[in-house]
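Q: Please examine the salt bridges of this structure closely. Which residues take part, and where in the chain do they lie?

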Amino acid sequence: MLFKQLTDSWLSMPYHHDWLEKESRRLMAFYRNSKHPKGGFGALDIHGNLPSDAQPESMLTARMTHCFSIASLQGEPGAGDLAKWGVDALRGVLRDKEFGGWLDGLPEQSPDGRKQAYLHVFVTLAALSATLANIEGAQELLDEAKDIMDNRFWSDKEGRLQESFARDWKDPEAYRGGNSNMHATEMFVQLADVTGESKWRQRALSIVTHIIHKHAKSNKYLLAEHFDENWQEWHDYNKDKPTDDFRPYGITPGHACEWARLLLHLEAALLRNNEHTPEWLLADSKGLFETGLKYGWFVDGQPGLVYTHDWDKKPVTNNRLHWTVAESCSTAASLLKRTGDLTYERWYRTLWDYIANYLIDQKNGSWWHELDAQNKPSSVVWSGKPDIYHAWQLTLNSRLPLAPTLGTAVKLGLDRM
């Protein structure tokens, strides 16, 4: 049980753990429908149906494979078969057989597509979790994905990931992204846990040192999302695309909160493995969380976290994305575990209350993926309900220690109160 000394914390209450487990299972049931007959998984509509024109998507396949693998470790009947469906697609119809690696969808449908670091991070995560769950073919997938991450995307010179390449691994993009490096940080810590290779934790620390401790801290924890190829901040990047789904203009406060949690997982992993652990990891985590919520939460007269604001701290896209609240809530739980400061208990309850009152769709299932500024369902940035990843992981992260990482913790049974 978490926080025996804080008897009034939701994290210590059996009822709350039971509620989280029920919500986890409710989400998992909804996304079983995303299995695509061509292989892998596709995007569901708001009712949980796979549209007739839906195609297999590599990102969704990777994320669903990760989630089904973890569910299989928990004892979810049928989840292992679904995880294998995803592994088979990532090794089969979704894999670029000519040049290796993965494109956004079926290679024959995107012959001019680019190889994105963001996607390859999630393919590697899927392979990691499937390997933990002993899914057939997962180790082979992990070997390939890890090799690509090591030899294509990771730059020893930069100490971070490069962003993208043409399909044939030429034409590197003159852009560097905080988003892809953020998820690489998350995945690298898990990769170190599973493989026993400490270099991945050190790479995670290198990313965090540059993007957070150097850049974000110097901006008083306003998070730079976009950089040029020399890692100079690119503040007006995509100014004409404020609602871009992966690279929106300005600052995404939900990312500041998400980074804050990852710093705590990295700190815990370094300590657990008796490796050098910078003291600033906790301070930077607190700074990011505080700044993200200060300039993102309830800033336009309505509850919720705006998608983006500009460098003058004024909202740009007021729509609320479900993943931003899920990650902020998960970070509140993580900071509470790490510090015992009841400020984070209040945030944890406030964010779950918002999720329950606005985001959870009790009629159709899952969560609304996007709300407008009046907290009504919207589809400006995201349409349908394609993604389980952030919401489902929140129901687990709240119940798990900061280390070891999610898949390893579940395999050890640490999710059982």
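A: The following account describes the salt bridges and then turns to other charged and buried sites.

The model is predicted. Across the whole structure, a search identifies 24 salt bridges. In general, side chains of opposite charge can pair when their charged atoms come close.

One of these pairs joins Asp-387 to Arg-63, with 2.2 Å between the closest N and O atoms. The two partners belong to distant parts of the chain, 324 residues apart. Asp-387 is situated in the loop between strand E10 (370–371) and helix H12 (389–397), whereas Arg-63 belongs to helix H2 (residues 58–74). Asp-387 and Arg-63 are both buried.

A further salt bridge is formed by Lys-115 and Asp-96, whose closest N and O atoms are 3.0 Å apart. Lys-115 is part of strand E1 (residues 114–116) and Asp-96 is part of the loop between helix H3 (79–91) and E1, so this pair ties together parts that are 19 residues apart in sequence. Here too, Lys-115 and Asp-96 are each buried.

Asp-361 and Lys-385 also meet through their side chains in a salt bridge, at 2.6 Å from N to O. Asp-361 occupies the loop between helix H11 (342–359) and E10, while Lys-385 occupies the loop between E10 and H12. This pair links distant parts of the chain, 24 residues apart. Both residues, Asp-361 and Lys-385, are buried.

Salt bridges also connect Glu-21, Arg-25 and Arg-399 in a network.

Charged residues appear in another setting as well: Lys-220, Lys-294, Lys-313 and Lys-314 form a positive surface patch. Within this patch, Lys-220 is located in the loop between helix H7 (199–218) and strand E6 (226–227). Lys-220 counts as exposed because its relative accessibility is 72%, and the cut-off for exposed is over 50%.

A buried site without a charged side chain may be considered last. Gly-296 is found in helix H9, which spans residues 280–296. Its relative accessible area is 0%, so Gly-296 is buried. Apart from neighbours within four places in sequence, Gly-296 is in contact with Pro-253, Gly-304, Leu-305 and Val-306. Ala-260 lies 36 residues from Gly-296 along the chain, and the C-alpha atoms of Gly-296 and Ala-260 are separated by 15 Å.

Terms used. Residues are numbered from 1 along each chain as its sequence is written. This is a predicted model: local features need pLDDT of at least 70, side-chain atom pairs count only at pLDDT 80 or more; totals for chains, interfaces and linings use all residues. Side-chain values use heavy atoms; hydrogens and water are left out. A salt bridge is a side-chain nitrogen of Lys or Arg within 4 Å of a carboxyl oxygen of Asp or Glu. Helices (H or I, at least four residues) and strands (E, at least two) are DSSP runs, numbered from the N terminus. Buried means under 20% relative accessible area, exposed over 50%, partly exposed in between (1.4 Å probe, protein chains only). Patches are made of residues with over 30% relative accessible area and no salt bridge: like charges are joined within 9 Å, nonpolar side chains (Val, Leu, Ile, Met, Phe, Trp, Tyr) within 5 Å. Accessible areas come from the Shrake-Rupley method with a 1.4 Å probe; for residues, only the protein chains shown count as cover. Lys and Arg count as positive and Asp and Glu as negative; His and the chain ends are not counted. The place of a charge is taken as NZ of Lys, CZ of Arg, CG of Asp or CD of Glu. Contact means heavy atoms within 4.5 Å.
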